[in-house]
Structures are given as C-alpha cells and as structure tokens.
Amino acid sequence: MPATGSLTVQIYDGEEASEIADELIAVYADVYNVEPYIGDPFFSVPTYINRLHAAFEMKGFGVLTGRTDDGKLVGYVHGVNLNPEQAWWASLDEARPADAVQAAEADDVFWLRELMTLPAYQNQGIGRRLHDVMVDSRPEAWTTLTCIVDNEPIRSAYPRWGYEVIGQIKHAEESPLYDAMVLRPSAA
C-alpha cells in the first residue's frame, strides 16, 4: 500500500466542487470498478455524474477532499443538509428517532451522501479522518447516511464510529438495500 504521509484536506462548496468534478468522478470510477458494482446501471459513472451534479445545487452541499503531499486526490466525502421530505428519510416513518425528525425539520441534520477512498489507500484510516473532519466542520448537530447492507468493511465501521442503524431503505427501485443510520450529536 502506498504511504500517505500527511493528508491535506480541503472543503469546497457546490460551485467550487464543480471545478474539480472530473477528479471526483475519477475517484468514484476507480472505487466502484469492482464487483458487485461493475455493470450495475445504478452504480455506473454516467449515473453518478448526474447525482453529483444535482448535489452541487442542493442546500448545504459540501465536499471535503483528501490529497497526498504530491496533490493526488485519494478520497473524499460529500453531503448536504437533509431535506426532511427526502424520500428515503420520509420512508423510514416511525423508525426515525423523534429527536432526529425534529432536528431535520430544524435544518440540523447533515446527510453524508458519499465517502470513498481509492482502493490503494484503503485501510489506512483515511476514510475515518475525512469523515471526522467533515462532520466536525458542519453546522448541523446530527449526521445521517445510508450504507449498502453488505458493503463490508465500511458497513461494520459506522456503528463503531457511533452510528445507530434505524431501518432499511432503497434509494430507487433498482438500487440495492441500504441500512439507514444516524449519528447523534452526543456520539459525534
């Protein structure tokens, strides 16, 4: 595995992120170039490009990148302020903790949409560092995310990081099953 040395992190808003979109897409293409994602239209690069560009316009969009000393983008996390009417969130209905619902209605929940690290840089703590810096930098007290139920080892990592599984959802009819999780303010 390549040594990471120091990792430089930087936060971008939607407009700034659009200027590095090609780099973000290249990381996605590398991360999702493995089974079971290869050939699945839900995880195709063109589908991701559409989701990414749509996210740039969402309320509170931010992306935090991690670069090695030589400037190579090795991972990133991006997300938005959770819209309390977001279909996957609303579909959880009574499974959502009442205080999380109140927080979402008060614009106090960050939806972590993507967290990825290039395969050659995984298992070095980079993803956790990017996660923690992003969550700590957000104005929202709560964080929520969804993770494919069999996407190990990250699926098992989130509960160790303080997340609570509150239910399962599908983002679209053709998507895999996801665990929906929340990170309470006291657990962050």
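**Salt bridges, helix faces and loops**

User: Is Arg184 buried, partly exposed or exposed?
Analyst: Arg184 has a relative accessibility of 25%. Buried means under 20% relative accessible area, exposed means over 50%, and partly exposed lies in between (1.4 Å probe, protein chains only). So Arg184 counts as partly exposed.

User: What kind of model is this?
Analyst: Residues are numbered from 1 along each chain as its sequence is written, and side-chain values use heavy atoms, with hydrogens and water left out. Local features need pLDDT of at least 70, side-chain atom pairs count only at pLDDT 80 or more, and totals for chains, interfaces and linings use all residues; this is a predicted model.

User: How many salt bridges are there?
Analyst: Side chains of opposite charge can pair when their charged atoms come close. A salt bridge here is a side-chain nitrogen of Lys or Arg within 4 Å of a carboxyl oxygen of Asp or Glu. By this rule the count is seven.

User: How many residues apart in sequence are the parts that Arg184 and Asp99 tie together?
Analyst: The two side chains meet in a salt bridge, N to O at 2.9 Å. Arg184 lies in the segment after strand S7 (178-183) and Asp99 lies in helix H5, so the pair links parts that are apart in sequence by 85 residues. Helices (H or I, at least four residues) and strands (E, at least two) are DSSP runs, numbered from the N terminus. The separation is thus 85 residues.

User: Which residues join Arg184 in one salt-bridge network?
Analyst: Arg184 also forms a salt bridge with Glu164, with the closest N and O atoms 3.1 Å apart. Glu164 lies in strand S6 (residues 164-169), so this pair ties together parts that are 20 residues apart in sequence. Shared partners turn these salt bridges into one network, where Arg184 is joined by Asp99 and Glu164.

User: What are the relative accessibilities of Asp99 and Glu164?
Analyst: Both carboxyl partners of Arg184 count as partly exposed. Asp99 has a value of 34%, and Glu164 has a value of 31%.

User: Are Asp179 and Arg155 buried or exposed?
Analyst: Asp179 and Arg155 form a salt bridge, with the closest N and O atoms 2.5 Å apart. Asp179 sits in strand S7 and Arg155 in helix H7 (residues 154-160), so the pair ties together parts that are 24 residues apart in sequence. Asp179 and Arg155 are both buried.

User: Why do the buried residues of H5 line one face of the helix?
Analyst: In helix H5 (residues 98-105), the buried residues are Ala100, Val101, Ala103 and Ala104. Seen down the H5 axis, they line one face because they fall within an arc of 160°. The arc is that of the directions from the helix axis to the C-beta atoms. The value behind the single face is 160°.

User: Which exposed residues does the face of H5 turned away from its buried side carry?
Analyst: The question concerns the other face of H5. That face carries the exposed residues Ala98, Gln102 and Glu105.

User: Which residues gather in a patch of negative charge on the surface?
Analyst: Patches are made of residues with over 30% relative accessible area and no salt bridge; like charges are joined within 9 Å, and nonpolar side chains (Val, Leu, Ile, Met, Phe, Trp, Tyr) within 5 Å. One member lies in the loop between strand S1 (8-12) and helix H1 (14-18), and is partly exposed at 37%. The gathered residues are Asp13, Glu15, Glu16 and Glu19.

User: Which residue does a cis peptide bond join to Glu152?
Analyst: A cis bond also runs from Glu35 to Pro36, with omega near 5°. Pro36 lies in the loop between helix H2 (21-31) and helix H3 (45-56). For Glu152, omega is about 10° and the partner is Pro153.

User: What is the phi of Asn123?
Analyst: Asn123 is in the loop between S4 and helix H6 (126-137). Asn123 is exposed, at 67% relative accessible area. Although not a glycine, Asn123 has a positive phi of about 65°.

User: How far apart in space are Gly60 and Phe110?
Analyst: Gly60 lies in the loop between H3 and strand S2 (62-67), partly exposed at 34%. In sequence, Gly60 and Phe110 are 50 residues apart. In space, C-alpha to C-alpha, they are apart by 8.4 Å.

Notes. Accessible areas come from the Shrake-Rupley method with a 1.4 Å probe; for residues, only the protein chains shown count as cover. Lys and Arg count as positive and Asp and Glu as negative; His and the chain ends are not counted. The place of a charge is taken as NZ of Lys, CZ of Arg, CG of Asp or CD of Glu.
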